[in-house]
Amino acid sequence: MTPAATRKTAEERREEVLDAALTEFAARGFAGASTDAIARRVGISQPYLFRLFGTKKELFIASVERCFADTLEKFRLASEGLSGHDALMAMADAYGQWILSDSRRLRGQMQAYVACDDADVRAVVRRGFGRIVDLAESTGVTAEEVHHFFARGMLLNVIASMDLLGAEEPWAARLIESCGRRH
């Protein structure tokens with residue numbers, strides 16, 4: 001170690017590991033992700049990764065919790081000072097820009113839904129999604145508007161997952177156009 005190098009705290013390492021885990025889990029899912037690859041991304045040993053998180057499943061759950069917490073915070077910031085339809089549209093716009101600029105977020109979310117056959121993962125996903133629903137409902141819109149907000153958001157997730165933006169298929173263009181309309 002060079003004299004100028006400083007040791008990182010366990011919390012700083014945890015943050016780095018969570019970022020690397022998001023990348024690995026988003027690309028390969030829970031079953032396919034390698035804790036060794038995550039450790040290598042951060043420059044730590046696999047045993048140290050397990051000291052920080054215990055098990056691969058605990059690391060995956062922490063990554064899922066982080067993904068939902070980040071999404072909730074992004075929505076809160078976007079809708080700050082707004083209410084009703086304006087708040088929902090601000091959240092939708094912020095989310096759309098975010099997942100397009102960092103596809104790991106979208107893929108991480110999709111991998112979390114896929115892993116919901118595990119009861120512990122399902123509980124974390126339900127809790128995280130529920131907080132986002134609570135925030136959307138707190139804007140003062142109707143239940144139907146909340147439903148439409150999430151339906152449109154999930155359709156956009158599927159469109160982005162299939163990399164349909166700019167696709168040449170006429171059906172894709174129609175779907176994308178209809179998602180862009182403000183209701």
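The following questions and answers concern a predicted model of one protein chain.

Student: How many helices and strands are there in the chain?
Tutor: Reading along the sequence gives the pattern α-α-α-α-α-α-α-α-α. No β element appears in that pattern. The count is nine helices and zero strands.

Student: What box do the C-alpha atoms of the chain fill?
Tutor: The box is taken along the principal axes. Its dimensions are roughly 55 × 40 × 40 Å.

Student: What percentage of the residues of the chain count as buried?
Tutor: Buried means under 20% relative accessible area. The chain has 183 residues. Of these, the buried portion is 41%.

Student: Which share of the contacts with a separation of 6 or more comes from residues 24 or more positions apart?
Tutor: Contact here means heavy atoms within 4.5 Å. Only pairs with a separation of 6 or more enter the total. Residues 24 or more positions apart account for 63%.

Student: What part of the accessible surface belongs to carbon and sulfur atoms?
Tutor: The chain's accessible surface comes to about 10,300 Å². Carbon and sulfur atoms hold 53%.

Student: How far apart are the centres of the positive and negative side chains?
Tutor: The chain carries 24 positive side chains and 26 negative ones. Each set has its own centre. The two centres lie 5 Å apart.

Student: Are helices α1 and α3 roughly parallel or roughly perpendicular?
Tutor: Helix α1 spans residues 10-32 and helix α3 spans residues 46-53. They pack at about 105°, with axes 10 Å apart. Angles of 65 to 115 degrees count as roughly perpendicular. So α1, relative to α3, is roughly perpendicular.

Student: Which residues make that contact?
Tutor: Helix α1 contributes A10, R13, R14, V17 and L18. From α3 come Y48, L49, L52 and F53.

Student: Is Q109 buried or exposed?
Tutor: Q109 lies in helix α6, residues 103-114. Its relative accessibility is 7%. The cut-off for buried is under 20%. Q109 therefore counts as buried.

Student: Which residues is Q109 in contact with, leaving aside its neighbours within four places in sequence?
Tutor: Sequence neighbours within four places are set aside. The remaining contacts of Q109 are C67, T71, Y95 and N157.

Student: What does H148 count as at 34% relative accessibility?
Tutor: H148 sits in helix α8, residues 143-161. Buried means under 20% and exposed means over 50%. A value of 34% falls in between, so H148 counts as partly exposed.

Student: What distance separates the C-alpha atoms of H148 and Q46?
Tutor: Along the chain, H148 and Q46 are 102 residues apart. Their C-alpha atoms are separated by 44 Å.

Key: Residues numbered from 1 in each chain as written. Predicted model: local features only at pLDDT ≥ 70, side-chain atom pairs only at ≥ 80, totals over all residues. Heavy atoms only, no water. Helix = DSSP H or I, 4+ residues; strand = E, 2+ residues; numbered from the N terminus. Buried < 20%, exposed > 50% of the residue type's maximum accessible area, 1.4 Å probe, protein only. Areas by Shrake-Rupley, 256 points an atom, 1.4 Å probe, with all protein chains shown as cover. Lys, Arg positive; Asp, Glu negative; His and termini not counted. Charge placed at Lys NZ, Arg CZ, Asp CG, Glu CD. Axes fitted to C-alpha atoms, helices over the stretch in contact; angles between N-to-C directions. Parallel < 35°, antiparallel > 145°, perpendicular 65-115°, else oblique.
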